[in-house]
Amino acid sequence: MAADHRAREEFRLFFERHHRDLSRFAYLLSGDPDVADDLAADAFAAAWSQWDRVTATASPLAYVRGIVTNLANNRLRRVIRERVRLSGVGLLDQADGPDVPAVVDVRSALLRLPVRKRACVVLRYAFDLSEEDTAQALGISVGTVKSQTSKASAELVAMLRPAPMAEGRQP
């Protein structure tokens, strides 16, 4: 009974301490505040259901960030499957090319990155995690974090670079 009370109290403190950051992380992965709320809530529910395993890790926060990342990946796969199914029966318009106006700010550009690259960039730069902590949170090697972050950074620079002005045109 006392151990159960202690676990509930530990979880409550963990939730209070990390809910905001995990929600922000989920938002940066999904780009949608409602989806981010759902991802964070589902991650905390999953963490509570395996709280003994979470607290046995070297970094419970990294473990729960991994849960958020996995939930975001699963959601993205579901959305893609649904869109493919809808486009197959003609219910979605197919875009002819990239939506250039959607690449006007960092958030839009981040959303265009694959989830793993996006997660690496967000954890490294928005959350200021080390390469080692990022690798632990995502369950990948430090080398993968380095390469994914480097590639993602280059892609972001290319997406955010202003288009060259045509000769004779004024800004």
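This is a short look at three spots in a predicted model.

## A137, tucked into a helix

Let's start with A137, which sits in helix α7, the stretch covering residues 131-138. Is A137 buried or exposed? Its relative accessible area is just 4%. Buried means under 20% here, so A137 counts as buried.

Which residues does A137 touch, once you set aside its neighbours within four places in sequence? The contacts are A62, R65, G66 and L123. You can also check A137 against C120: the two are 17 residues apart along the chain, and their C-alpha atoms are separated by 9.5 Å.

## R118, a buried charge

Next up is R118, found in helix α6, which runs over residues 115-126. R118 is buried, yet it has no salt bridge. How far away is the nearest side chain of opposite charge? That side chain belongs to E155, and it lies 9.7 Å from R118.

As for what R118 does touch, leave out its neighbours within four places in sequence and you get L28, L29, S30, L110, L111 and L113.

## D34 and a negative patch

Now over to the surface. D34, D37, D38 and D42 together form a negative patch there.

Take D34 as one of that group. Its place is in helix α2, made up of residues 33-49. D34 has a relative accessibility of 55%. The cut-off for exposed is over 50%, which means D34 counts as exposed. A137, by contrast, is buried at 4%.

Definitions and conventions
Residues numbered from 1 in each chain as written. Predicted model: local features only at pLDDT ≥ 70, side-chain atom pairs only at ≥ 80, totals over all residues. Heavy atoms only, no water. Helix = DSSP H or I, 4+ residues; strand = E, 2+ residues; numbered from the N terminus. Buried < 20%, exposed > 50% of the residue type's maximum accessible area, 1.4 Å probe, protein only. Contact = heavy atoms within 4.5 Å. Patch = residues over 30% accessible without salt bridge, like charges linked within 9 Å, V, L, I, M, F, W, Y side chains within 5 Å. Areas by Shrake-Rupley, 256 points an atom, 1.4 Å probe, with all protein chains shown as cover. Salt bridge = Lys/Arg side-chain N within 4 Å of Asp/Glu carboxyl O. Lys, Arg positive; Asp, Glu negative; His and termini not counted. Charge placed at Lys NZ, Arg CZ, Asp CG, Glu CD.
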